[in-house]
There are 2 protein chains.
Amino acid sequence: MEGNDKLTEDKIFEAATTVFEEQGMTGARMQNIADRAGINKALLHYYFRTKDQLFDAVFSKLAQKMFQKFSPIFEENLSLEDKIRFFIKEHINFLKENPKLPGFIIHEINRNPQRIKKMLRNVDFKILWSAILKHHSDELGDYNITEENLPQIMTTIVSLTVFPFAARGLIEVIFSNVGVDFDKYIEERKEFAAEFVIKAIKK
Amino acid sequence: MEGNDKLTEDKIFEAATTVFEEQGMTGARMQNIADRAGINKALLHYYFRTKDQLFDAVFSKLAQKMFQKFSPIFEENLSLEDKIRFFIKEHINFLKENPKLPGFIIHEINRNPQRIKKMLRNVDFKILWSAILKHHSDELGDYNITEENLPQIMTTIVSLTVFPFAARGLIEVIFSNVGVDFDKYIEERKEFAAEFVIKAIKK
DNA sequence: AAACAGTTTAACCGAATGGTCAAAAGTATT
DNA sequence: AATACTTTTGACCATTCGGTTAAACTGTTT
């Protein structure tokens with residue numbers, strides 16, 4: 001049979017994703033993953049020989065999923081302001097669907113910085129970054145954006161979208177105390193963060 | 001003897017802090033902590049009965065250390081703008097000394113949200129937050145700050161300081177590719193983030 | 001229907017890990 | 001110097017965990 005083939009592997013992959021996202025590599029248990037996938041533990045090792053291999057597969061997939069979402073930044077067609085609005089809105093929408101992703105990626109990168117180093121070895125950010133400046137060269141006179149402060153601005157924008165999800169557990173406790181709903185806060189954040197950034201960079 | 005007493009317990013606590021910060025609760029090994037402290041593993045259990053108790057002690061200490069740094073926000077004496085400048089600068093200075101703290105706290109809260117819920121049970125953020133508005137009530141006419149968007153603004157400021165350290169492993173890889181030095185970036189961030197926020201909230 | 005190939009399982013294994021214990025070493029008290 | 005108390009250690013234990021193995025099961029080919 002071939003149909004069930006992919007099904008089993010996918011079931012494993014999904015279960016592994018859930019468990020790894022929640023517990024991290026070191027906290028995850030192969031037995032737990034097997035249980036969630038509704039299969040025998042030996043079958044896990046039949047499809048993915050070791051825990052490390054299974055983790056690598058999951059991590060690569062999730063990291064790619066995360067990084068892919070940044071590609072719209074490096075394309076043209078929108079004005080700078082609209083691009084900022086579009087990116088922040090879409091990125092928050094993406095994170096709403098994958099709320100555990102930031103915490104997972106952050107922790108696993110901290111635990112093993114080499115892995116991400118290897119993954120991004122062949123990406124030339126220099127070209128990507130200068131592309132941004134080039135795309136909006138005619139608009140740049142209206143904003144406080146230079147090659148020098150681009151790292152500050154880029155990390156700032158990402159901070160605004162990612163941090164609330166990474167620190168969600170903490171933020172939710174505080175918000176519940178103040179009577180704020182996290183989901184509503186996230187919904188409002190799309191516009192707030194975008195206008196916040198635009199206001200800040202405008203000359 | 002009493003002098004050596006505290007010394008041993010402190011050596012253990014320091015070693016445990018290092019290991020837990022780097023590996024997290026689930027990745028840490030009691031043997032590793034014992035080795036780092038230069039003592040026998042049995043002695044670990046003599047001072048801290050179980051791994052959970054040792055972890056709780058370390059986590060509580062580190063969480064308190066982190067939260068304490070927010071107290072200047074809730075005191076008066078400075079203008080709103082200077083308070084923002086002061087907090088961001090001091091907070092980044094603090095994080096420079098404790099760069100692993102954000103990732104550690106974030107991960108452990110995600111792994112067990114209940115722990116932080118219990119820790120902050122008796123803190124009334126509502127009072128703290130309204131104190132901010134009260135302290136600067138005379139200045140508020142000049143800024144786009146209301147009780148409604150305070151959650152957005154507060155989380156925004158914290159995002160700007162904390163995220164670079166949480167995601168340091170990733171940011172450093174990208175920066176090294178673009179030829180930016182992380183330490184220099186952090187140094188510049190003190191002023192950048194403060195002026196960024198002030199510009200954004202000014203009417 | 002027999003041989004074959006891929007899939008799934010139950011039972012098992014060895015190493016790692018958190019934790020214990022009794023004895024040794026060290027320190028203070030008398 | 002004898003006693004009593006605390007600290008430190010080496011050896012050990014029980015359990016958990018990642019991983020293996022051989023056999024059973026399923027569908028396909030001949």
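**Exercise 1. Characterise the contact between domain 1 and domain 2 of chain A in this predicted model.**

*Solution.*

Step 1: extent. Domain 1 and domain 2 of chain A bury about 680 Å² between them, and carbon and sulfur atoms account for 59% of that area. The domain assignment places domain 1 at 3–58 and domain 2 at 69–201. Their C-alpha centres are 30 Å apart. To the contact, domain 1 of chain A contributes 8 residues and domain 2 of chain A contributes 6 residues.

Step 2: principal contributors. A:Glu21, A:Thr26 and A:Phe55 supply 60% of the area that domain 1 of chain A buries against domain 2 of chain A, more than any other three residues.

Step 3: polar and charged pairs. The rule finds 2 salt bridges across this interface. A salt bridge joins A:Lys100 and A:Glu22, with the closest N and O atoms 3.3 Å apart; the pair qualifies because the criterion is a distance within 4 Å. In addition, 3 residue pairs are in polar contact, both residues at pLDDT 80 or more.

Step 4: elements. On the side of domain 1 of chain A that touches domain 2, helix H1 (3–27) and helix H4 (51–68) each give two or more residues. H1(A) gives the most, with 6 residues. By class, the residues of this side are 3 nonpolar, 2 polar and 3 charged.

**Exercise 2. Determine which symmetry relates chain B to chain A.**

*Solution.*

Step 1: superposition. A turn of 180° with a shift of 0.0 Å along the axis lays chain B on chain A with an RMSD of 0.1 Å.

Step 2: inference. The relation is therefore that of a two-fold axis.

Step 3: location. Within chain B, the C-alpha nearest the axis belongs to B:Ala200, at 2.2 Å from it.

Step 4: surface used. Both copies employ the same surface, as 100% of the contact residues of chain B recur in chain A.

**Exercise 3. Describe the composition of the interface between chain B and chain A.**

*Solution.*

Step 1: extent. Chain B places 53 residues in contact with 53 residues of chain A. The buried area is about 4,700 Å², with 69% from carbon and sulfur atoms. B:Gln152, B:Phe163 and B:Phe196 supply 14% of the area that chain B buries here, more than any other three residues.

Step 2: polar pairs. The rule finds 0 salt bridges across this interface, whereas 21 residue pairs are in polar contact, both residues at pLDDT 80 or more.

Step 3: elements. Several helices of chain B each supply at least two residues, including helix H1 (3–27), helix H9 (150–166) and helix H11 (182–201). H9(B) gives the most, with 12 residues.

Step 4: residue classes. The side of chain B that touches chain A comprises 29 nonpolar, 14 polar and 10 charged residues.

Note on methods
Residues numbered from 1 in each chain as written. Chains lettered and ligands numbered in written order. Predicted model: local features only at pLDDT ≥ 70, side-chain atom pairs only at ≥ 80, totals over all residues. Heavy atoms only, no water. Least-squares fit on C-alpha atoms with pLDDT ≥ 70 in both. Contact = heavy atoms within 4.5 Å. Buried area = accessible area lost by both parts, 1.4 Å probe. Salt bridge = Lys/Arg side-chain N within 4 Å of Asp/Glu carboxyl O. Polar contact = N/O pair within 3.5 Å; in protein donor to acceptor, adjacent residues only side chain to side chain. Helix = DSSP H or I, 4+ residues; strand = E, 2+ residues; numbered from the N terminus. Nonpolar A, V, L, I, M, F, W, Y, C, P; charged D, E, K, R; others polar. Domains from an automatic or database assignment.
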